[in-house]
Amino acid sequence: MSTPVSSIRNLGPAVEAACARAGIPDAETLRQIGAHDAYGRMLRSGTKPHFIGYYVLHMALQGRPWNDCRGKEKDDLRLRFDALCAEITGRSNAPSALEAALDEIGVIERRKGG
């Protein structure tokens, strides 16, 4: 018997639907393939990239609150997320040269992984 994806803490019907579109039918399959590969499948099936969704999936599969992701862990996940997005979409979610320059001179808020 399979368990719904939405039975995992902090994963609701929208994530369950995105998983289904990506060929991830249940919580057991999601746990087996892991958050990173699952999110890659979700991107390939049309889910728009969003860093919060990526790290929420990681936290959920670890049984942790979604807002428990902080500091170096969050920074490391951001790097993996950006690399995954670049691999799948051919575009980087990293700041553009203009954003980096504006950030450097303090015109925009510093981007801290989220």
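How many salt bridges does the count come to? The count comes to five salt bridges, and three of the pairs or groups they form are described below. The model discussed here is a predicted one. Its protein chain contains six helices and zero strands, so the briefing begins with the chain as a whole and then turns to its parts.**The chain as a whole**
- Read along the sequence, the protein chain follows the pattern α-α-α-α-α-α.
- The protein chain has 114 residues, of which 34% count as buried.
- Its accessible surface comes to about 6900 Å², and 53% of this belongs to carbon and sulfur atoms.
- Among contacts between residues at least 6 apart in sequence, 44% join residues at least 24 apart.

**The nonpolar core**
- In soluble globular proteins, nonpolar side chains tend to be buried together.
- The largest nonpolar core in this model has 27 residues, and those with the most contacts inside it are Leu-11, Leu-30, Tyr-39 and Leu-57.
- Helix H1 (13-21), helix H2 (27-33), H3, H4 and H5 each supply at least two residues of this core.
- The largest share, seven residues, comes from H4.
- Leaving aside residues up to four places away in sequence, Leu-57 touches Leu-11, Leu-30, Ala-35, Ala-38, Tyr-39 and Met-42.

**His-58 in helix H4**
- His-58 has its place in helix H4.
- With a relative accessible area of 10%, His-58 is buried, because buried means under 20%.
- Not counting residues up to four places away in sequence, His-58 touches Ala-35, His-36, Leu-77 and Arg-80.

**Helix H5 and its two sides**
- Helix H5 (residues 71-89) has 19 residues and reaches 27 Å from its first C-alpha to its last, close to the 27 Å expected at 1.5 Å a residue.
- The buried residues of H5 are Lys-74, Leu-77, Arg-78, Phe-81, Asp-82, Leu-84 and Cys-85.
- These buried residues cover an arc of only 165° around the axis, so they lie on the same side of H5.
- Lys-72, Leu-79 and Glu-87 are exposed on the other side of H5.
- Helix H3 (35-44) and helix H4 (51-61) are included in what covers the buried residues of H5.
- Gly-90 follows H5 and has a positive phi, near 80°.

**Salt bridges**
- Within H5, the side chains of Lys-72 and Asp-76 meet in a salt bridge (2.9 Å, N to O), and these residues lie four apart, about one turn of the helix.
- Lys-72 is exposed, with a relative accessible area of 60%, whereas Asp-76 counts as partly exposed at 34% relative accessibility.
- The side chains of Asp-82 and Arg-78 also meet in a salt bridge (3.2 Å, N to O).
- Because Asp-82 and Arg-78 are four residues apart in helix H5, about one helical turn separates them.
- Asp-82 is buried, and so is Arg-78.
- Salt bridges that share partners join Arg-64, Asp-68 and Glu-73 into one network.
- In the pair Arg-64 and Glu-73, the side chains meet at 2.8 Å, N to O, and Glu-73 is partly exposed, with a relative accessible area of 28%.

**A positive phi outside glycine**
- Most residues other than glycine have a negative phi.
- Asn-10 has a positive phi of about 75° although it is not a glycine.
- Asn-10 lies in the segment before H1 and is partly exposed, with a relative accessible area of 36%.

Technical notes: Residues numbered from 1 in each chain as written. Predicted model: local features only at pLDDT ≥ 70, side-chain atom pairs only at ≥ 80, totals over all residues. Heavy atoms only, no water. Expected span 1.5 Å × (residues − 1). Buried < 20%, exposed > 50% of the residue type's maximum accessible area, 1.4 Å probe, protein only. Arc of directions from axis to C-beta. Contact = heavy atoms within 4.5 Å. Areas by Shrake-Rupley, 256 points an atom, 1.4 Å probe, with all protein chains shown as cover. Core = buried A, V, L, I, M, F, W, Y, C linked by side-chain atoms within 4.5 Å. Salt bridge = Lys/Arg side-chain N within 4 Å of Asp/Glu carboxyl O.
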